[in-house]
Amino acid sequence: MLCGPSGCGKTTLLRHLKRELKPVGLSEGALWYKGQSLDELSTQTAAEDIGMVFQNPEAQIVMDTVWHELAFSMENMGYSPTVMRSRLAEIAGLFGLEPLLYKPVHELSGGQKQLLNLASVLLLRPKLLLLDEPTSQLDPVAAREFIHMLHRLNEEMSMTVIISEHRLEEVFPLADRVLLMEEGALKAQGTPRELVRWIGQEQSQTHVSYLPTASRLFLALSPLEGGVFETSLPLTVREGKRWLQGQLGLLKGHWQERVAPVAESTLMEHESLLRCHEVTFRYQKEGTDILSKLNLNLYRNEVLAILGGNGAGKSTLLYLMAGLSKPQRGRITVAKGITAGYLAQNPLLYFSQDTVAEEFQHMARYAGLSETSSHQEITKLLDIFELHEVYGSHPLDISGGQQQKVALAMVLLLTPDILLLDEPTKGLDPGAKERLATFLKHLRDEGKSIVIVTHDVEFAAKYASRCAMLFDGGITAEGSPEVFFSANYFYTTAVNRIVRDWLPQALTIEDVTSSK
């Protein structure tokens, strides 16, 4: 498993391992596959044996329907119709793609597109599978199933898997080896528990953020000492809970002094800036409703996180809230004089210039900013998102996480009253998420309202003021993070699953340590 900050070289390394995607530039050293130079592999071996799933699912899909996309790679390799039908049936059953086979790919959610990409790659039965943040657009349940499917491929098919990830809860404990990268170099490597010990002894908060929650909770409550062995370092929720039970004599007394559960906020007293009333929407006239009689309010000075499964309609709802399409029935009303800024799931939609600098300057002119104001605002955003080093780069040459930050910064130049963000943490490392959260809090303090569609439960639990669940076309539950997540089993944080027997509404490590 590869981990490290955005722009540290994870994607570049993976692309070097997939010969057809090797970046253009100067390179040194050698890459070998099964004792043979990567450059000397036959075209068929290189295509079949080494498969890669991209960070951006849109960049990998080339056909119009799901079954055409699945068949594309096999057709290019010259497989017989019998082999193609057999493999397609097997993969479609494994991934549950039968209901989607004849569906246009543009109607799929980001998560469904990612599953389609993995299925397409696996149809060639690769020996080495490269994955660049494959779960970034999957809901928590789908992400867990996806990772465990990869584990099965590794265990049962002896397939080597190299995965780059920022969501570490499921991947980290299953990895045989973890590589931590920084500035294009290998900072540390080892088994998961060896890396936990190294980071714990180094006591670097930056590196601690790359560990799974159980390990971070362990380090926060019990700093490493010489007598602690690797086998006692928890990696999973089960191991974290088992370790915590042994510490109850020290912690329970402090936890019992914790104040009463957090009361629900009275947002009804705040001004409603945007209202969805009985909203119903479908893509095709004879198709099924994606949203059905949905009701939702957005209030001034709040951060609303909308969660739900892949294909539930979260991105569709955000698209409608941005005024980019209209519902068939119902209405969406926005308070007078209120403007909205929209960040789509795919940051590449925002790029049309040759450099990041030109992208910012073009957006500043569109926003009507003066030259002085433009320079000040751009400089501020470059500082916040740490984009100075890529300012002169082509937007397509930077990492996925950096592209996400550039697109968000461009939207922020419009200074909207309402910010509508579709998966804003996708591709961001933990440090970048913290900086994004700090900036969103600053915007909220200024009176802005923010809607986040996200699969990042940890981010929503820590920084949202209200959460809502989208299911079966409507909002089925909403409330403060403490109430919303403590009532869930899968859609909750790893901390909550570890400590809910003692602190039912604790969602973050800070919630636990502040009760110590």
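## A pocket and its lining

Helices here are DSSP runs of H or I with at least four residues, numbered from the N terminus. With that in hand, welcome to this structure, which is a predicted model.

Let us start with the second largest pocket, whose volume is about 1200 Å³. Its lining is made of 50 residues, and those closest to the centre are T11, T12, R15, P23 and D397. Helix 1 (10-17) and helix 16 (400-412) each bring at least two residues to this lining. Which helix gives the most to the lining of the second largest pocket? That is helix 1, with 6 residues. Sorted by class, the lining of the second largest pocket holds 21 polar, 18 nonpolar and 11 charged residues.

## Salt bridges across the chain

Next come the charged side chains. Searching the whole structure turns up 18 salt bridges. One of them pairs the side chains of D49 and K127, at 4.0 Å from N to O. This contact links distant parts of the chain: D49 belongs to helix 2 (residues 43-49), while K127 sits in the loop between helix 5 (110-122) and strand 5 (128-132), and the two are 78 residues apart.

Are D49 and K127 buried or exposed? D49 has a relative accessible area of 13% and is buried, because the cut-off for buried is under 20%. K127, by contrast, is partly exposed, with a relative accessible area of 40%.

## A small network around D289

D289 takes part in salt bridges with two arginines, and each is worth a look. With R282, the closest N and O atoms are 2.8 Å apart. With R329, the side chains meet at 4.0 Å, N to O. D289 lies in the loop between strand 9 (272-281) and strand 10 (291-299), and R329 is in strand 12 (residues 329-334), so this pair ties together parts that are 40 residues apart in sequence.

Because they share partners, these salt bridges join R282, D289 and R329 into one network. How accessible are its members? D289 counts as partly exposed at 30% relative accessibility. R282 also counts as partly exposed, at 22%. R329 is partly exposed as well, with a relative accessible area of 47%.

## A hairpin of two strands

Further along the chain, strand 16 (residues 466-471) and strand 17 (residues 474-479) run antiparallel, joined by 5 bridges. One residue to look for is C467, whose bridge partner in strand 17 is G479. Strand 16 and strand 17 form a hairpin, with 2 residues between them. In the turn, D472 has a positive phi of about 55 degrees.

## Cysteines without disulfides

How many disulfides does the structure hold? There are 0. Take C8 as an example: the closest cysteine sulfur, in C3, is 8.2 Å from its own sulfur. That is too far for a bond, because a disulfide needs the two sulfur atoms within 2.5 Å. C8 is also buried, with a relative accessible area of 2%.

C276 is likewise in no disulfide, and the nearest cysteine sulfur, that of C467, lies 17 Å away. C467 is the cysteine that pairs with G479 in the hairpin described above. C276 itself is buried, with a relative accessible area of 1%.

Definitions and conventions
Residues are numbered from 1 along each chain as its sequence is written. This is a predicted model: local features need pLDDT of at least 70, side-chain atom pairs count only at pLDDT 80 or more; totals for chains, interfaces and linings use all residues. Side-chain values use heavy atoms; hydrogens and water are left out. Buried means under 20% relative accessible area, exposed over 50%, partly exposed in between (1.4 Å probe, protein chains only). Two strands pair if DSSP finds at least two bridges between them. On a 1 Å grid over the protein atoms alone, a cavity is a set of points where a 1.4 Å probe fits but cannot get out, and a pocket is an open set with protein on both sides within 12 Å along at least five of seven lines; lining residues have an atom within 4 Å of a point. Grid points are joined across faces, edges and corners, and a volume is the space filled by probe spheres set on the points. Ala, Val, Leu, Ile, Met, Phe, Trp, Tyr, Cys and Pro count as nonpolar, Asp, Glu, Lys and Arg as charged, and the others, Gly among them, as polar.
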